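This report is meant for a reader who is meeting the structure for the first time, and it deals with charged side chains.

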Amino acid sequence: MVQSGNKKMFECYVNNWIFGEAPLAEVFQRIAGIGFDGVELMGEPALYDGKEVAQLAGDFGLKVISLCGMHPGPSPDDLRALGHPDAKERQRAVDYVKACIDLAVEVQARSVLVVPSLVGQPTYFSSREEDWQRVVDSLAKCAEYAASQGILITIEPINRYEVSLVNTIGDAIRMAEAVNSPQVRVMGDTFHMQMEEGDGIPAAIRRAGGYWLQHIHFADNTRVAPGLGTLPWREIIRALKEIDYQGAISFEPLPRWASPYDVKQGRFSREELDENLRFGLEYIRLMQEIVATENPD
C-alpha cells in the first residue's frame, strides 16, 4: 500500500502469463507503459534468469510482487501435484514450490502462490480427506523452506468446476491453519470468488481479515478487466481498506471471448488486452480515490 497525498492506495500489478508468448522484455515495456506498479511473474523458474528479471524490472521502474505457481505443470510428467498419492510426485511438487521461492528471493518478490489441487481436474486422487492431508504435509515442507528465505506462501482458492480441494477463502484458511505456519496465508481471486462466496466478495474479504488475506487477483465476473463487467468494485475496495489489507492488487483479466488456453497459445488480440488493462487500471484507481474520499483517515 502506498500514500497518494493523504490517501492510502493499493499498488497495482499485472500477471505476465496473460500476455501469452510475448517476450518478457516486451511484456515489461507494455506493463510500464500502461502505468502499473509492477508484475506478478508466472511461476516457471526454468524459463527465467532471476538476475535478468530483476534487471528488467529496474530498467522499466517496476517491481515483482509475487510468483504465480502453475498447477498443473507443463506436462503429464511434471504435474506439480502437492496431494499426489505417489510420494515421489509429491516431492517433485515440493521441489517446484521451493524453486519458485528461490526465484522470488532473486527478484525480491513478496510471496509465492500455490494451488493445492490440479487446475482442470475437479476430482480427487483418492478422497477429499486423504488428498487434503497429503497437501497439508507437502505445504508444511514448503513452509519450512519459505520461512528460511523470508517468503510468504499464499493458497489460492479456485472455483469448483476447475479444482477439487480449495474453492473458498474459508477452505484456504482451514488448510493454512492445518499447516500451522506463519509463512502460509491465503489469497483471493475475484473471478473465482464471485462463484463461490455465497454472501459476496466484500463479506469474504472481511471474514478473512488482514492477517490471512495477503494477495488478491482482480478480474471482472466474465474474467475481463475490472469495470467491464458487473462486480461491485467500490465495495470490494472498501472491504480491503477496512481490513487494512497489506498486499497488492494483481490484475489477471483476459480479453473478451479468450480462454486461458487461448492466451497460452497466443490466440488473442494484443491491442485489446492492453486497452482493457489500461481501462481497468484507471477504473480501479478511480474506485480507490472514491473510497478514500468516503472514508478519510
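What follows describes salt bridges first and a charged surface patch afterwards.

The model is predicted, and the count of salt bridges in it comes to 17. Three of these pairs are set out in the table below, each with its N to O distance and the helix or helices in which the partners lie.

| Salt bridge | N to O distance | Location |
|---|---|---|
| R30 and D274 | 2.8 Å | helix α1 (residues 24-34) and helix α10 (residues 270-294) |
| R92 and E89 | 3.8 Å | helix α3 (residues 87-106) |
| R134 and D131 | 2.7 Å | helix α4 (residues 128-149) |

The side chains of R30 and D274 meet in a salt bridge; because R30 belongs to helix α1 and D274 to helix α10, this pair ties together parts that are 244 residues apart in sequence. Both R30 and D274 are buried.

Within helix α4, R134 and D131 are three residues apart, which means that about one helical turn separates them, and both of these residues are buried. Salt bridges with shared partners also join E44, D78, R80, E89 and R92 into one network.

Two members of that network, R92 and E89, lie three residues apart in helix α3, about one turn of the helix. R92 counts as partly exposed because its relative accessible area is 38%, a value that falls between the limits of 20% and 50%.

Turning to the surface, D49, E52, D102 and E106 form a negative patch. Of these residues, E52 is found in helix α2 (residues 50-59), and E52 counts as exposed because its relative accessibility is 54%, with exposed taken to mean over 50%.

Definitions and conventions. Residues are numbered from 1 along each chain as its sequence is written. This is a predicted model: local features need pLDDT of at least 70, side-chain atom pairs count only at pLDDT 80 or more; totals for chains, interfaces and linings use all residues. Side-chain values use heavy atoms; hydrogens and water are left out. Patches are made of residues with over 30% relative accessible area and no salt bridge: like charges are joined within 9 Å, nonpolar side chains (Val, Leu, Ile, Met, Phe, Trp, Tyr) within 5 Å. Accessible areas come from the Shrake-Rupley method with a 1.4 Å probe; for residues, only the protein chains shown count as cover. A salt bridge is a side-chain nitrogen of Lys or Arg within 4 Å of a carboxyl oxygen of Asp or Glu. Lys and Arg count as positive and Asp and Glu as negative; His and the chain ends are not counted. The place of a charge is taken as NZ of Lys, CZ of Arg, CG of Asp or CD of Glu. Helices (H or I, at least four residues) and strands (E, at least two) are DSSP runs, numbered from the N terminus. Buried means under 20% relative accessible area, exposed over 50%, partly exposed in between (1.4 Å probe, protein chains only).
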